[in-house]
Amino acid sequence: MLVQVALPVPLYRVFDYSLPANVHALPNTIPTSIPSIGSRVEVSFGRQTLIGIVVAHISEADSRVPLNKLKPINKCLDAEPILDERMLKLASWLSRYYHYPLGDVLAVILPTLVRQGKPLDLLITHWRILPHITDDDFHTNAKKQKQQFDMLKLHGERGASEDVLLLEGMQRAFLKTLEEKGLIERYIEPKQAPAPVKFAKMPLDLNDEQKLAVEAIIAVHESERYTGFLLNGITGSGKTEVYLQAMQAVLEAGKQVLILVPEIGLTPQTRARFASRFAAHIVLLHSGMNNTHRLQGWQDCRTGHAQIIIGTRSSVLYPFANLGLIVVDEAHDGSYKQQDTLRYHAADVALYRGLQANIPVVLGTATPSLEHLKLVDDGKLVECQLLTRPGNAKPATMQLIDARLQSTHQQAQDDGARYDTGLTDALIGAIRKTLEAGNQVLIFLNRRGYAPVLLCEACGWQADCPRCDAHLTVHYNSRSQHNTYVSSSYLKCHHCDWQSYIPNICPDCGSQNLDAKGMGTTRLSENLHAIFANPQTSKELYPIIQIDRDTTRRKDSWENIYQRINEGTPAILVGTQMVAKGHHFPNVTLVCLPNADRGFLSADFRSPEHTAQLMIQVAGRAGRGDKSGQVLIQTLQPDNELLLKLVKDGYLSFARELLQERKMMGLPPHTHAALIRCEGKTLAATTQALKDAISILPNAHNLAVLGPIDAPMSKKNSRYHAQLLLLAKDRRQLHHVLNQWWEPVLALPNAKYLKLTLDIDPVGW
């Protein structure tokens with residue numbers, strides 16, 4: 001008997017190994033002669049020692065390797081399979097569909113510590129207050145220590161696990177300090193089976209549309225069959241309440257629910273919303289967790305301890321003991337597409353896993369992708385529409401402001417010069433009126449930093465990245481979020497993170513006339529501070545809260561910002577696309593989009609769809625509470641037909657028109673695409689490699705080959721990029737061609753000096 005092992009190497013095959021002569025004599029092994037399918041083994045591979053997964057048992061006669069050349073496995077690491085048959089089938093499907101080596105697929109699926117061969121059952125540290133300790137024993141004036149002590153006291157005599165305490169805001173340093181003072185102790189407790197889920201709060205009343213959606217999902221759950229739902233609901237229509245009430249039947253049946261969210265920033269607010277409804281064991285899964293917490297979450301999903309799982313894209317690849325429902329929130333979002341290694345789309349994988357497990361899958365969104373609308377048309381998804389907001393809430397009204405006909409607001413500097421704020425007087429007036437009424441304003445600007453380019457006005461020199469075909473962004477900040485003044489100025493590339501000082505003179509002509517052109521979130525925030533500051537004191541009349549990657553980088557920074565916003569005081573929020581993804585700001589009644597419509601002019605055929613989605617999602621932040629909302633779109637192209645269609649007829653009508661255009665042009669989703677990218681030291685080498693690949697492409701009817709062409713950014717991080725696009729009307733035909741062609745492409749003589757990648761169903765070119 002031999003075992004076939006999938007190893008984390010970029011080879012499209014598995015490897016045969018023999019069993020050791022006496023496995024019982026090996027240290028750290030299990031008492032069996034044959035490792036189970038789905039278990040980990042340690043093997044020798046060349047000069048390396050690797051951890052692999054056993055995927056099959058075969059006879060010696062079935063091996064293509066001579067018996068005298070077979071290596072024995074070194075160790076069996078698991079007494080039982082860590083991946084069941086369903087997970088192995090998922091890995092096999094991912095490997096076939098995305099044309100990615102099986103061993104590398106399994107490496108993506110498994111947490112880091114599992115891939116490294118660590119034991120699965122980590123000891124869980126718990127903390128509790130010592131039995132004889134009372135408040136009188138707490139002799140310290142340190143308010144933070146007392147606060148942390150009181151938080152632990154809320155958990156009673158048994159205390160709580162360290163991961164739960166950390167999620168609640170406790171800090172390890174304080175736990176250790178309190179332990180050293182003899183006030184608390186740590187102990188190890190084996191995990192207990194979770195208690196049945198209970199209601200923490202009663203559900204809200206549903207309108208007729210919500211009731212139909214909930215009843216349809218529950219009916220599929222009770223019939224134990226697969227159906228994919230597109231929950232197409234306008235922003236603020238109560239999609240989350242549909243999720244919550246559909247989950248109730250699933251959780252009461254003792255099954256698990258997986259909720260996918262597009263961003264890490266959404267996980268805390270989503271957890272709070274679900275924890276307020278259900279008394280259940282809720283597990284968060286995202287890339288911000290350390291390896292130990294990821295392994296604990298993986299194990300909780302696999303053993304059934306996790307009842308509600310809230311996670312980002314990779315969570316869809318976790319093993320589940322008894323999954324009963326998958327919800328993909330904001331299903332249109334591009335962040336569900338993995339852009340390196342295994343280039344899967346989490347929404348597509350969710351649908352496959354639902355089919356595997358015979359459970360319902362809900363794709364919720366206010367702006368469905370054209371791909372999902374096409375699946376509805378093809379009868380592969382069932383659409384449930386939510387076209388009204390619950391109660392008396394009304395969708396925000398949208399209005400265009402023609403920036404050509406109105407002067408943009410200018411602000412005087414101390415030296416008497418004036419600068420352009422980028423906002424029209426009409427927009428400034430609407431912002432002022434909203435703030436004076438006691439409400440909040442959201443200004444969307446999808447460009448972080450101070451300014452997108454530094455320009456010499458004397459000779460036209462621009463500060464460009466030496467490693468990318470991109471301008472360096474000017475970062476300059478004279479004040480922090482809490483009005484503490486700092487000096488921070490530099491140039492940075494947002495593609496490769498190259499950074500440098502801002503020069504005092506032009507490197508080309510020596511002129512001192514260097515000017516930061518354009519508007520980023522930091523500059524806009526400073527301009528707004530100047531506009532809305534008290535003329536006598538220069539202090540801002542209203543808080544200006546900047547929300548982008550720069551201000552949310554630190555731990556808990558987003559939670560602190562969210563708390564400030566929800567205090568409800570009049571404020572101006574300035575944010576990038578981070579604010580568009582499902583956040584609930586009940587006091588925002590005005591949303592301003594100064595230049596969000598520029599995407600309608602992009603050469604990328606997907607850009608109008610993505611631009612419209614972003615605009616509608618941002619607009620949906622207005623009027624989500626009891627107050628009506630307004631959306632003002634400042635534009636230099638008010639006659640643009642697509643923009644007018646979106647504003648007048650809404651997103652769904654707009655998307656249907658785009659879908660028809662795509663059909664006429666033979667573009668996805670009416671065709672199926674595979675994008676081949678090539679990366680190398682020179683553009684000539686990458687282009688030639690793709691030409692060589694075309695020369696060995698099998699003859700196939702109805703297969704369009706576009707390229708090779710330069711990538712949208714041909715130089716990135718000192719590497720050059722070219723690409724090739726294959727389009728086919730029939731999905732099976734496309735994959736049939738790729739099955740014959742892709743491995744020979746990787747074996748081409750010049751391919752070993754280049755990086756070639758294959759992206760199935762790409763979301764960007």
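1. Let me start with helix H12, residues 370–377, where the buried residues are Leu370, His372, Leu373, Lys374 and Val376. Bear in mind as you read that this is a predicted model. The cover over those buried H12 residues includes helix H11 (346–357), H16 and H18, along with the strands S10 (227–233), S16 (360–365) and S17 (382–386). Just past the end of H12, have a look at Gly379, which takes a positive phi of about 80°.

2. H16 and H18 turned up in that cover, and they also pack on each other. H16 spans residues 607–619 and H18 spans residues 651–665; their axes come within 11 Å and cross at roughly 170°. The two helices are therefore roughly antiparallel to each other. On the H16 side, the residues in the contact are Pro608, Glu609, Ala612, Gln613 and Ile616, and they meet Tyr651, Phe654, Leu658 and Arg662 of H18. Sorted by type, the residues of this H16–H18 contact come out as six nonpolar, one polar and two charged.

3. Next, strand S21 (residues 440–444). How many of its residues are buried? Five of its five are, and the strand is mostly covered. Gln440, Leu442 and Phe444 point one way from S21, Val441 and Ile443 point the other way, and all of them are buried.

4. S21 has parallel partners. With strand S29 (residues 588–593), S21 pairs in the parallel sense over four bridges, and Val441 sits opposite Leu590 of S29. With strand S28 (residues 572–575), S21 is again joined by four bridges and the two run parallel; here Ile443 faces Val574 of S28.

5. Further along the chain is an open sheet of four strands, in the order S32-S33-S31-S34, with antiparallel pairing. Which strands sit at the edges? They are S32 (703–716) and S34 (755–760), each of which pairs on one side only. From one strand to the next, the twist averages 20°.

6. Within that sheet, S31 is worth a look of its own. Eight of the nine S31 residues are buried, so the strand is largely enclosed by the rest of the structure. S31 (residues 672–680) is joined to S34 by six bridges, and these two strands run antiparallel; Ile676 stands opposite Leu758 of S34. Between S31 and S33 there are nine bridges, antiparallel once more. In that pairing, Glu679 has His721 of S33 as its bridge partner.

7. Two helices go with the sheet. Helix H19 (residues 683–695) lies across S31, S32, S33 (719–728) and S34, and runs at about 25° to S33. Helix H20 (residues 731–746) packs on the sheet too, touching S31, S32, S33 and S34, and the direction of H20 makes about 170° with that of S34.

8. Now for a couple of single residues. Gln546 lies in strand S27 (residues 544–547). Is Gln546 buried or exposed? Its relative accessible area is 7%, under the 20% cut-off, and Gln546 is therefore buried. What does its side chain contact? One polar contact, of 3.1 Å, is with the side chain of Thr522. Another polar contact, of 2.8 Å, is with the side chain of Asp548.

9. Thr303 is the other residue, and its place is in helix H10 (residues 291–303). With a relative accessible area of 41%, Thr303 is partly exposed. The side chain of Thr303 is joined to that of His305 by a polar contact of 2.7 Å. For a sense of distance, the C-alpha atoms of Thr303 and Gly518 are separated by 53 Å, and these two residues lie 215 residues apart along the chain.

Key
Residues are numbered from 1 along each chain as its sequence is written. This is a predicted model: local features need pLDDT of at least 70, side-chain atom pairs count only at pLDDT 80 or more; totals for chains, interfaces and linings use all residues. Side-chain values use heavy atoms; hydrogens and water are left out. Axes are lines fitted to C-alpha atoms, for helices over the stretch in contact, and angles run from 0 to 180 degrees between N-to-C directions. Angles under 35 degrees count as roughly parallel, over 145 as roughly antiparallel, 65 to 115 as roughly perpendicular and the rest as oblique. Contact means heavy atoms within 4.5 Å. Ala, Val, Leu, Ile, Met, Phe, Trp, Tyr, Cys and Pro count as nonpolar, Asp, Glu, Lys and Arg as charged, and the others, Gly among them, as polar. Two strands pair if DSSP finds at least two bridges between them. Buried means under 20% relative accessible area, exposed over 50%, partly exposed in between (1.4 Å probe, protein chains only). A polar contact is a pair of N or O atoms within 3.5 Å; within protein, one must be able to donate a hydrogen and the other to accept it, and residues adjacent in sequence count only if both atoms are side-chain atoms.
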